[in-house]
Amino acid sequence: LDLKELLTDILHAVTGIELLNVEPKGLIYVIEDDSLRLAAHMGLSEEVVAVHRDVDPRLALCMSTTRRGRNADELLFCRDPRRDCAYAATCANGLIKPHIIVPLRAHNETTGIMCLYPKGHAPFDIETSELMRTIANQIGIAVDNAKLYEKTRVLSLHDPLTGLPNRRFLSLEIERNFMKAQRYNTPLSVLMLDIDQFKTFNDMKGHIAGDALIVDIARIILKEVREADLAVRYGGEEFLVLLPEASFQQAFDIAERIRVSIAEKTPVTISIGVSSFASEMKDYSELINDADRALYQAKAFGRNRVEGVSRQMRLPID
């Protein structure tokens, strides 16, 4: 069900069918809305792959297969790319070779496009074309199933409101990072964030405004953290940020930056707890519990502040 692995296997299998008489190379596009995404390729140089990676769907001959109604499953033979395909005409001479365009169909829709390279100059005969269409329909269904699995997997690991990863995704990532910190004694920190007096805001402004606020805060958090960090909607008005390779002080500085930005850009404030990995920790739940305890301290000390618990220092940090 892994789409890239599936499509690569398909290319190897199809190009290996002697009856088709095609070169041991090819590519497969997945259609997403009205665009083409190059999802797999084999036997092509990097220069050729680069040309095919950013195809303009408005000019590409292969996209015409999605607009042919009853004949949408018919194969196309691009005999002279510079003449037959408007996109090929815009590319450097010789990089796009004659190819067979094979629509991949599922549920009366074109879900992808496979391009194969014939060994001869003639297109498939009737018998071979029928075989190729039968194979293409099976591939189309497999691609559609893999795309659905991919979409479902992404949705199951992400919060539908903010688009941030959820606690299920976090459990996978934090365990991996915790084991790395244990093995190599590398820094690892966690921020636990909670919107101050969110219930009061919800009661006054309504749940729609509350949802919009949560989305805004998620965006601010993403802007303030590093690319390697993982921001998660932990539940309700709570967020958690996993900071790989970040020391306690670095994490504290990031938390303060987030706190200031939210106070400046939204009508609410946020309290944040900071914790860092310590060698005596048995599992990642201790890292989260320390951050949660520090968050409780931030709330108890008046909200709109950052508090930290550092086991190395054995003291709460003001």
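1. Start with Ile 221. Leaving out residues up to four places away in sequence, Ile 221 touches Leu 193, Ala 231, Phe 239, Val 241, Ile 258 and Ile 262. The model is a predicted one, and this residue is a good way into it. Ile 221 and Leu 191 are the residues with the most contacts inside the largest nonpolar core, which has 30 residues.

2. Which elements build that core? At least two residues each come from β6 (188–195), α7 (198–205), α8 (207–224), β8 (238–244), α9 (248–265) and β9 (270–276). Helix α9 gives the most, with seven residues. A second core lies apart from this one. That other core has 26 residues, and Leu 7, Leu 11, Val 14 and Leu 75 are among them. As background, nonpolar side chains tend to be buried together in soluble globular proteins.

3. Now the chain as a whole. The protein chain holds 10 helices and 11 strands. Its radius of gyration is 27 Å, whereas a compact globule of 318 residues would have one near 20 Å. The C-alpha atoms fill a box of roughly 80 × 50 × 35 Å along the principal axes.

4. Burial and surface come next. Of the 318 residues, 48% count as buried. The accessible surface is about 16,900 Å². Carbon and sulfur atoms account for 50% of that surface.

5. How are the contacts spread along the sequence? Among contacts with a separation of 6 or more, 64% join residues 24 or more positions apart. On charge, the chain has 39 positive and 46 negative charges. The mean positions of the two sets are 2 Å apart.

6. Take Ile 10 next. Ile 10 is found in helix α1, which spans residues 3–15. Is Ile 10 buried or exposed? Its relative accessible area is 11%, so Ile 10 is buried, the cut-off for that class being under 20%. Beyond four places in sequence, Ile 10 touches Ile 28, Met 114 and Ile 139. Ile 10 and Ala 146 are 136 residues apart in sequence, and their C-alpha atoms are 13 Å apart in space.

7. Ile 288 can be read in the same style. Ile 288 sits in helix α10, residues 284–300. With a relative accessible area of 10%, Ile 288 is buried. Setting aside neighbours within four places in sequence, Ile 288 is in contact with Ile 174, Met 192, Tyr 234 and Leu 240. From Ile 288 to Ser 276 the sequence separation is 12 residues, and the C-alpha to C-alpha distance is 9.1 Å.

8. Ser 247 brings us to a loop. Ser 247 lies between β8 and α9. Its relative accessibility is 27%, so Ser 247 counts as partly exposed. Which residues does Ser 247 touch, not counting those up to four places away in sequence? They are Pro 187, Ser 189 and Ser 276. Ser 275 is 28 residues from Ser 247 along the chain, and the C-alpha atoms of the pair are separated by 9.4 Å.

9. Pro 57 is another loop residue to check. The loop that holds Pro 57 runs between α2 (46–53) and β3 (76–78). Pro 57 touches Asp 34, Ser 35 and Met 63, with residues up to four places away in sequence not counted. Pro 57 and Arg 37 are 20 residues apart along the chain, and their C-alpha atoms are separated by 9.9 Å.

10. Look at the backbone of His 107. Phi of His 107 is near 55°, a positive value in a residue other than glycine. Where does His 107 lie? His 107 is in the loop between β4 (99–106) and β5 (109–118). The side of the argument on solvent is plain: the relative accessible area is 64%, so His 107 is exposed.

11. Asn 304 also deserves a look. Its phi is near 50°, a positive value in a residue other than glycine. Asn 304 lies in the loop between α10 and β10 (306–310). With a relative accessible area of 28%, Asn 304 is partly exposed.

Definitions and conventions:
Residues are numbered from 1 along each chain as its sequence is written. This is a predicted model: local features need pLDDT of at least 70, side-chain atom pairs count only at pLDDT 80 or more; totals for chains, interfaces and linings use all residues. Side-chain values use heavy atoms; hydrogens and water are left out. Helices (H or I, at least four residues) and strands (E, at least two) are DSSP runs, numbered from the N terminus. Buried means under 20% relative accessible area, exposed over 50%, partly exposed in between (1.4 Å probe, protein chains only). Contact means heavy atoms within 4.5 Å. The radius of gyration is taken over C-alpha atoms; the globule rule is 2.2 Å times the number of residues to the power 0.38. Accessible areas come from the Shrake-Rupley method with a 1.4 Å probe; for residues, only the protein chains shown count as cover. Lys and Arg count as positive and Asp and Glu as negative; His and the chain ends are not counted. The place of a charge is taken as NZ of Lys, CZ of Arg, CG of Asp or CD of Glu. A nonpolar core is a set of buried Ala, Val, Leu, Ile, Met, Phe, Trp, Tyr and Cys residues joined through side-chain atoms within 4.5 Å.
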